[in-house]
Amino acid sequence: MSGKTILYVEDNEFNLKIVRQLLSRTSYRLIEATDGEMGVATALSELPDLILMDIQLPKLSGLDATRTLRADPKTAAIPIIVITSFALSGDEQKAKDAGASAYLSKPYSPRELLQMIRKLVPEN
Amino acid sequence: MRWVAGLKVSVHAKLLAGFLIVTLFFIGMGVMSLQTIATMSSQGQLLDDAHERVHWSQEIQHALALQMNFTAMALLLRNEATVESILRENNRFSNTLARLEKAAQAEEIQLIQRIRAAQGEALTTVADIANLVRDGKIEDAMRLQLSKEYPIYLQIEGLVNQLVKHERDKMDRLRSSVAAANRKTLLLLASSAVVLILLALLLGFVISWSFILPVQEAHGFLGQVAKGNFAATISVPNRDEFGVLAERMNQMSRELHRLDESQRRGSEELKRLNEQLLRASKAKSEFLANMSHELRTPMNAILGFVEMLLDDIYGEIPPQFKEPLTDIQVNGKHLLNLINDVLDLSKIEAGRMELAVSEYSVQDIVDTLKASLHSLSREKGLEFVAVAQADIPLACGDGKRITQCLTNLAGNALKFTREGRVEVRVERQGDMLLYRVSDTGIGIPKDQIENVFAEFRQVDATITREFGGTGLGLSITKKFVEMHGGRIWVESEPGKGSTFFFEIPLRVDGGKPA
């Protein structure tokens, strides 16, 4: 059986590792991108079922990448969870304005992240 | 005026000199008056004398007339008594003439001598006539009288008349000269009085204006100084006390100018330093904000791995690892709270904190509070009550920040209370919401109440060790309350407990409740 594909756009190796290990025991298939531009390119070529987008990325910010993907009809419908390290009131609104389906602030609990992923794209 | 002002003499001396000049003139006038009086009195004496002389000359006239009369009578009566009368009148004539001669002038003396000579001749003739009468030669006597004596008498009469006229003329001249002198004196006195008055006025005017001018200058100058023009100077021609005063004023102005300049420089320096300080402070806050972000990424990894370990993502962990892993998790979360607080505060200080204003329900806030503090209160065995007044309408503000404030206050209350209860109440008071958090904890000493909202402050260091906490919670709470346009305060009694209050507008957008 082929699981659902999740794209994680993140530049920090340890955070990538957490999600990699978190999803290793599930049926989700993880693909990774380490900057905003690469994230957009990968999303357009792979068309994943869900995108986890860090807000602070090299080359292109997570918010701008989200806006770009929302503007493209091919990716416009893909759910995007925006992850930020600014636990501030304004960021949630900015993420929503950019087109995020959900918002999670760092440090997030892996357990909660998994719950949120399962809610948006059930495993099977 | 300027000349008087410029005299290098004291004000005192100038005033004395002015008065002295007027007084001297006055004395001069007095002396002149006395002299006039003396002159007038001596002229009166002269007039009296002249009058007397006129009188005497008239008496001579009279004596001559009687003499002529008695001579005529002697011819008719032929008695000795009448002859004697002639001699008596002759004596009177001679005596009076002698008196007149005493104080006579040259021309008068000449006249008098001529009279005397004629009189001597007349007397000789009278004696001859008397002898002829005595001898009974009446015819001869009468002839002699007519031919010789009578012409002599006429001659004497002419001379005497001349004398009388002379004396009278002299008296008239004297009288008119006295009158002229009196008029002149009067005129002199009157004009002196006028000059004296004018002089007094002039001196008064000049001296007083030589004082008034510098005073006016000083008035203008002090007005300038009072307005803050410390570069002003005063210039007066005076070289007296006013001159000294003006120089002192200039010294004062120079000193003020110097002080003003240095104060201005100081304040500019201060302003520059202050700007530097502000820039430095802002840079510090931005650095802290960035640092906090940089700290969160590794924190995310640490807490993420620990949670996954505890969740058995890597397989079941040995039971003896559970406790140390939980300790790592608790301390990691505490560290995260610290980072969050520092981030909030530095954002507020950098002026980058903004409220996300929207509608919120007070009941939701109270429910969130109860959920997040439930386990802590149960662990400490404390009664925890959180109630919102039932009929509060939807409020408007940053609900998340208000929850943070209330959680900070209630969390502190639970931390600092060993036994008893913590109570949270929210009520509406008109357009305001009053939040109240009371505890039965250790309380705050009176002298430290002022400090509780300051950053990094706790009542004392031992409490930090015993109860934990960053010391940032209250100052962040205060800032958020103030950003909502509210205020925060505390009432406390050490040993009995504290009550924290904060009051914020029901709707920070100023609109009416929905």
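**Exercise 1. Describe the side of chain A that touches chain B in this predicted model, beginning with how many residues each chain gives to the contact.**

Solution. Start with the contact as a whole, which takes 20 residues from chain A and 22 residues from chain B, where two residues count as being in contact if their C-beta atoms, placed from the backbone, lie within 7 Å. Next, ask which elements of chain A give two or more residues to this side: they are helix 1 (13–24), helix 4 (89–98) and helix 5 (110–120) of chain A. Helix 1 of chain A supplies the largest share, five residues. Finally, sort the residues of the side of chain A that touches chain B by character, which gives nine nonpolar, eight polar and three charged.

**Exercise 2. Work out the order of the five strands in the open sheet of chain B, and explain why strand 2 and strand 6 of chain B each have one side without a neighbour in the sheet.**

Solution. The strands of this open sheet in chain B follow the order 2-4-5-7-6, with mixed pairing. Strand 2 (383–388) and strand 6 (487–493) of chain B stand at the edges and have a single partner strand each, so one side of each is left without a neighbour in the sheet. From one strand to the next, the twist averages 10 degrees.

Now take one pair within the sheet: strand 4 (residues 421–429) and strand 5 (residues 432–439) of chain B run antiparallel and are joined by eight bridges. As an example, B:Val426 has B:Tyr435, in strand 5 of chain B, as its bridge partner.

The last step adds helix 11 (residues 473–483) of chain B, which packs on the sheet and touches strand 6 and strand 7 (497–505) of chain B. The direction of helix 11 makes about 135 degrees with that of strand 6 of chain B.

How values were computed:
Residues numbered from 1 in each chain as written. Chains lettered and ligands numbered in written order. Predicted model: local features only at pLDDT ≥ 70, side-chain atom pairs only at ≥ 80, totals over all residues. Pairing = 2+ DSSP bridges. Helix = DSSP H or I, 4+ residues; strand = E, 2+ residues; numbered from the N terminus. Axes fitted to C-alpha atoms, helices over the stretch in contact; angles between N-to-C directions. Nonpolar A, V, L, I, M, F, W, Y, C, P; charged D, E, K, R; others polar.
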